[in-house]
Amino acid sequence: MSHEIAPQVATQSKLVIRNIGVLLSGDLAQPILDADTAVAVGDRIVAVGNEKDVDTSHATLTIDAKGTALAPGLIDSHVHPVCGDWTPRQNQLGWIDSYLHGGVTTMISAGEVHTPGRPRDVVGLKAMAIFAQRAFQAFRPGGVKIYAGAPVLEHGMLESDFAELAAAGVTILGEVGLGSVKDGKTAHQMVEWARKYGIQSTIHTGGPSIPGSSLIDKDMVLETDADVIGHINGGHTALPDDQITALCERSKRALEIVHNGNQRAALLTLRTAAQLKQLDRVILGTDSPAGSGVQPLGILRVISMLSSLGEIPAASAICMATGNTAKIRNLNGGLIAAGREASFVLLDKAQHSGGKDLLDSIQKGDLPGIGMVITDGAISIQRSRNSPPATRVPEVVKNV
């Protein structure tokens with residue numbers, strides 16, 4: 001059955017992706033759709049279904065998926081950008097573009113905390129947050145959409161500061177605990193002010209990661225009640241098992257698993273969420289760039305780890321890096337459905353993988369090969385320079 005909405009502007013570009021082998025929706029409730037075609041007009045999906053049931057006429061760009069899988073563009077829920085496509089932590093240029101080659105089309109800043117000379121006074125932190133929000137709104141390396149301008153909490157911030165930030169377009173806070181605010185009561189008050197003005201919050205969890213940070217244990221996490229329990233598996237050092245379990249059981253907030261954390265703690269979080277029947281709370285990030293480097297394939301690696309060692313279906317693991325994050329972060333992307341952002345990744349099993357198909361290869365622990373990434377209805381890259389080579393790759397058959 002097809003699902004369609006009427007395109008709003010007839011003169012916009014029209015993208016048709018046909019001959020899709022597996023259509024991964026990003027929705028944990030129905031991870032695989034019975035469909036082989038997706039149509040987008042401009043930057044929005046207008047139809048998903050079988051080719052015979054959807055309007056593919058007058059396409060300006062047609063892509064033959066060649067039987068490969070189509071998934072929503074991946075979302076990295078936890079990055080630390082600074083300025084443009086450069087990270088001073090690793091003194092590396094082009095890291096965001098490299099993540100695009102890992103299938104990531106959207107990034108969420110957890111704070112621009114690696115900025116050299118980062119201001120700690122209230123006026124300075126607000127100015128830096130607004131600057132970062134504006135800069136990354138206008139600058140999209142390779143097409144990657146970056147939600148930046150994430151101020152960390154410092155003493156002296158008042159409710160009026162959060163109102164000012166929201167009015168300027170800031171929608172996220174940096175990790176609670178990376179600034180001077182270390183006690184749960186004060187942090188909770190500021191998180192509530194932020195929430196009042198539509199600003200979402202993430203709390204640092206576990207041991208210190210940068211100079212000036214400190215241990216954030218379960219008691220502060222629970223008292224603060226931020227929207228996202230940031231890197232619950234440690235960034236880098238994880239909390240004891242009983243505290244991780246308690247956070248899963250006693251909080252209803254999002255459980256963020258990151259690449260730059262403790263893998264055993266990640267699996268503990270996943271299994272506890274599964275036992276609670278709350279896998280919709282699990283979202284994925286890299287927590288990079290960081291001391292452990294830049295990981296262009298970080299999200300793919302977490303998907304593969306959770307599927308192969310956590311023993312969940314690969315299609316469900318992909319939902320944790322797409323639809324789960326989109327729903328929790330209030331994003332328009334992350335799901336393949338009419339009206340959603342037309343950002344996709346086309347992928348297949350890597351050449352010579354022991355898996356019988358893409359999903360089986362991920363379940364066996366292999367990384368997939370990326371054949372194309374599309375952002376806002378336009379091709380951003382074709383065959384990835386970073387992923388293993390895909391067995392099959394899509395082909396552009398019409399480009400007007």
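The questions below ask how some descriptions of this predicted model are justified.

The model is predicted, so local features need pLDDT of at least 70 and side-chain atom pairs count only at pLDDT 80 or more, while totals for chains, interfaces and linings use all residues. Residues are numbered from 1 along each chain as its sequence is written, and side-chain values use heavy atoms, with hydrogens and water left out.

Q: Why is the pair of Trp95 and Tyr99 called edge-to-face?
A: Rings of Phe, Tyr and Trp (its six-membered ring) pair if their centres lie within 6.5 Å; planes under 30 degrees apart count as stacked, over 60 as edge-to-face and the rest as tilted. The centres of Trp95 and Tyr99 are 5.2 Å apart and their planes stand at 85°, so this pair is edge-to-face.

Q: What makes the aromatic pair of Phe162 and Trp193 tilted?
A: Its centres are 6.1 Å apart, with 45° between the planes. That angle is neither under 30 nor over 60 degrees, so the pair falls into the remaining class.

Q: Which parts does the pair of Phe162 and Trp193 tie together?
A: Phe162 belongs to helix α3 (residues 159-167) and Trp193 to helix α4 (residues 184-196), so the pair links parts 31 residues apart in sequence. Helices here are DSSP runs (H or I, at least four residues), as are strands (E, at least two), numbered from the N terminus.

Q: What makes the length of helix α8 (residues 298-310) agree with expectation?
A: The expected span is 1.5 Å times one less than the number of residues. For the 13 residues of α8 this gives 18 Å, and the end C-alpha atoms are 17 Å apart, which agrees.

Q: Why is α8 called largely enclosed by the rest of the structure?
A: Buried means under 20% relative accessible area (exposed is over 50%, partly exposed in between; 1.4 Å probe, protein chains only). Ten of the 13 residues of α8 are buried, so the helix is largely enclosed. Among them are Ile299, Leu300 and Met305.

Q: Why do β9 (74-79) and β13 (145-147) count as edge strands?
A: Two strands pair if DSSP finds at least two bridges between them. The open sheet runs in the order β9-β12-β13 with parallel pairing. β9 and β13 each have a single partner strand, so one side of each lacks a neighbour in the sheet.

Q: How do you know that β9 and strand β12 (residues 104-109) pair?
A: They share four bridges, in the parallel sense. One bridge partner in β12 is Val104, opposite Leu74.
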